[in-house]
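User: Please take a close look at one part of this model, the side chains at its surface. Then connect that part to the elements behind it, in plain terms.

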Amino acid sequence: MKIAVIGATGSTGQHFVKQALENGHSVTALVRSPHKLTIDNSNLRVIVGDVLNAEDVSHAINGQDAVFIALGTGKVPKKSSIRADGTRQVVDALAALGETPYIVILSSLGVGDSKKQYPFYWNWILIPYLRHAFADHHQKEKNIRERKRKEKRG
């Protein structure tokens with residue numbers, strides 16, 4: 001299977017790339033900082049680019065069987081819309097290319113339907129600390145749901 005990984009230099013992205021390669025898949029990684037991806041494998045294609053650049057995203061996902069999105073801001077939570085904006089770029093590029101690969105997105109416990117699964121005390125402890133990340137995750141999931149609705153109509 002050919003898999004594009006968006007967010008391949010983060011901790012989850014790197015683990016995913018490593019496991020995909022170990023299982024015989026071909027991986028295309030869209031990265032801003034190639035030196036952060038230290039995996040060397042003949043089935044790994046690294047594209048240096050920006051997830052917010054439509055041309056870079058289109059180049060990375062074109063012809064792939066699946067797209068794994070593991071965007072984030074790193075270990076320190078900060079206000080950012082990179083998850084939602086990057087996911088929107090992927091969704092728009094897929095629509096422009098007319099492709100419908102599998103899409104897997106990394107989200108968070110406490111976002112969307114999983115909100116009822118976290119302990120009640122998270123509302124006072126964890127959620128305030130991660131409020132910006134959660135807002136970004138919510139928007140990212142909304143972007144994916146909107147794409148699925150459009151696919152069903154079209």
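Analyst:
**Surface patches, salt bridges and strands**

Phe120, Tyr121, Trp124 and Ile125 make a nonpolar surface patch of about 550 Å². A patch takes residues with over 30% relative accessible area and no salt bridge, joining nonpolar side chains (Val, Leu, Ile, Met, Phe, Trp, Tyr) within 5 Å and like charges within 9 Å. Areas are Shrake-Rupley values with a 1.4 Å probe, and for residues only the protein chains shown count as cover. The model is predicted: local features need pLDDT of at least 70, side-chain atom pairs count only at pLDDT 80 or more, and totals for chains, interfaces and linings use all residues. Numbering starts from 1 along each chain as its sequence is written, and side-chain values use heavy atoms, with hydrogens and water left out.

Within this patch, Tyr121 lies in the loop between β5 and α4 (126-129). Helices (H or I, at least four residues) and strands (E, at least two) are DSSP runs, numbered from the N terminus. Tyr121 has 42% relative accessibility and therefore counts as partly exposed, a class lying between buried (under 20%) and exposed (over 50%), with a 1.4 Å probe and protein chains only.

A positive surface patch is also present, formed by Lys142, Arg149, Lys150, Lys152 and Arg153. Lys and Arg count as positive, Asp and Glu as negative, while His and the chain ends are not counted; a charge is placed at NZ of Lys, CZ of Arg, CG of Asp or CD of Glu. One of its members, Arg149, belongs to helix α5 (residues 131-153). The relative accessible area of Arg149 is 45%, which means it is partly exposed.

Charged side chains also pair in this model, which holds 2 salt bridges (a side-chain nitrogen of Lys or Arg within 4 Å of a carboxyl oxygen of Asp or Glu). Side chains of opposite charge can pair when their charged atoms come close. Lys18 and Glu22 meet at 4.0 Å, N to O. Because they are 4 residues apart in helix α1 (residues 11-22), about one helical turn separates them. Lys18 is partly exposed at 47%, and Glu22 is exposed at 57%.

The other salt bridge joins Asp92 and Arg88 at 3.8 Å, N to O. These two are also 4 residues apart, here in helix α3 (residues 82-97), so about one helical turn lies between them. Asp92, at 39%, is partly exposed; Arg88, at 23%, is partly exposed as well.

Turning from the surface to the strands, β4 (residues 66-69) is covered on both faces, with Ala66 and Phe68 buried on one side and Val67 and Ile69 buried on the other. Strand β1 (residues 2-6) runs parallel to β4 and is joined to it by 4 bridges; two strands pair if DSSP finds at least two bridges between them. Ile3 has Ala66 of β4 as its bridge partner. Strand β5 (residues 102-105) is also parallel to β4, again with 4 bridges, and there Val104 stands opposite Phe68.

Ala66 has 8% relative accessibility and therefore counts as buried. Its C-alpha atom is 7.7 Å from that of Met1, though the two residues are 65 apart along the chain.

Another buried alanine is Ala29, at 0% relative accessible area, and its place is in strand β2 (residues 26-31). The C-alpha atoms of Ala29 and Ile6 are separated by 6.3 Å, with their positions 23 residues apart along the chain.
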